[in-house]
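Student: Hi! I have a structure open and I'd like to go through it with someone. Can we chat about it?

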Amino acid sequence: MDCIFCKILKGEIKADFVFKEEGIFAFKDINPQAPHHILIIPEKHIATINDLNDEDALIMGKMLLAAKKIAKKLGIQSYRLVFNCNADAGQEVFHIHLHFLAGRKFTWPPG
Ligand code: 5GP
Ligand code: ZN
């Protein structure tokens with residue numbers, strides 16, 4: 001499968017990992033949009049949020065808990081979490097990932 005994030009998990013592409021827990025991994029974004037920009041991903045290849053099944057509920061919960069744990073580790077209280085679903089929402093890598101962004105002030109609505 002030609003998926004960048006699966007290749008990162010297999011060690012075929014290097015990444016700067018910051019968190020690992022059963023079935024969940026997090027590494028620094030290669031093109032950070034904030035002082036802290038971390039991607040939280042499941043080990044399981046799921047292309048988009050639209051492809052989730054009920055059985056993936058635990059994985060999704062673990063991704064959110066990973067965000068909380070990463071924030072605590074970094075000593076951060078304020079952060080933004082983003083899932084982009086499909087191209088019009090800005091999704092470029094089709095292996096679901098939760099963007100963890102922190103370290104600057106964010107505006108609303110997003111662009
Ligand atoms: P999306 O636009 O799909 O929501 O986000 C994909 C993210 O993956 C982007 O922020 C992009 O910078 C990041 N990214 C793409 N390729 C790589 C890579 O090879 N390594 C890392 N660490 N991040 C990547
Ligand atoms: Zn993948």
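**Ligands, metal and loops**

Tutor: Happy to! Let's begin at ligand 1: one of its oxygen atoms is 2.9 Å from a polar side-chain atom of histidine 97. Keep in mind that this is a predicted model.

Student: Okay. Which polar backbone atom is 2.9 Å from an oxygen atom of ligand 1?

Tutor: That one belongs to valine 93. Aspartate 29 also takes part, with a polar side-chain atom 2.5 Å from an oxygen atom of ligand 1.

Student: And how much of ligand 1 does the protein cover?

Tutor: The protein covers 85% of the 520 Å² of accessible area that ligand 1 has on its own. There are 16 residues around ligand 1, and the nearest are Asp29, Asn84, Gly90, Glu92 and His99.

Student: Back to histidine 97. Where does it sit in the chain?

Tutor: You'll find histidine 97 in the loop between β4 and β5.

Student: Is histidine 97 buried or exposed?

Tutor: Histidine 97 counts as buried because its relative accessibility is 6%, and the cut-off for buried is under 20%. Try finding leucine 39 too: it is 58 residues away from histidine 97 along the chain, yet their C-alpha atoms are separated by 5.9 Å.

Student: Cool. What about the zinc, what coordinates it?

Tutor: The zinc ion (ligand 2) is held by Cys3 (SG), Cys6 (SG), His45 (ND1) and His95 (ND1), at 2.0 to 2.3 Å. The angles among these four donor atoms run from 106 to 117°, and the site is tetrahedral.

Student: What would the ideal angle be for four tetrahedral donors?

Tutor: The ideal is 109.5 degrees.

Student: How are the zinc donors spaced in sequence?

Tutor: The pattern is C-x2-C-x38-H-x49-H. Take cysteine 6 and histidine 95: this pair links distant parts of the chain, 89 residues apart. Cysteine 6 is in helix α1 (residues 4-10), while histidine 95 is in the loop between β4 (80-82) and β5 (98-102). Both of these residues are buried.

Student: With those cysteines about, how many disulfides are there?

Tutor: The count is zero. Cysteine 85, for example, is in no disulfide, since the cut-off is 2.5 Å between sulfur atoms and the nearest cysteine sulfur, that of cysteine 3, is 15 Å away.

Student: And are those two buried or exposed?

Tutor: Cysteine 3 counts as buried because its relative accessibility is 5%. Cysteine 85 has 25%, so it counts as partly exposed.

Student: Changing topic: which side chain makes a polar contact with histidine 99?

Tutor: That of histidine 37, and the contact is 2.8 Å. Histidine 37 lies in strand β3 (residues 36-42), and it is buried because its relative accessible area is 6%.

Student: Last one: what's going on with the backbone at asparagine 86?

Tutor: Asparagine 86 has a positive phi of about 75° although it is not a glycine. Most residues other than glycine have a negative phi. Look for asparagine 86 in the loop between β4 and β5, where it counts as partly exposed because its relative accessibility is 32%.

Student: And which peptide bond is cis?

Tutor: The one from tryptophan 108 to proline 109 is cis, with omega near 0°. Most peptide bonds are trans. Proline 109 lies in the segment after β5.

Student: Thanks, I'll look at those in the viewer!

Note on methods: Residues numbered from 1 in each chain as written. Chains lettered and ligands numbered in written order. Predicted model: local features only at pLDDT ≥ 70, side-chain atom pairs only at ≥ 80, totals over all residues. Heavy atoms only, no water. Donors = N, O, S within 2.8 Å, 3.2 Å for Na, K, Ca; no water. Tetrahedral: all angles 85-135°; square planar, octahedral: opposite > 155°, others 65-115°. Helix = DSSP H or I, 4+ residues; strand = E, 2+ residues; numbered from the N terminus. Buried < 20%, exposed > 50% of the residue type's maximum accessible area, 1.4 Å probe, protein only. Near = heavy atom within 4 Å. Polar contact = N/O pair within 3.5 Å; in protein donor to acceptor, adjacent residues only side chain to side chain. Areas by Shrake-Rupley, 256 points an atom, 1.4 Å probe, with all protein chains shown as cover.
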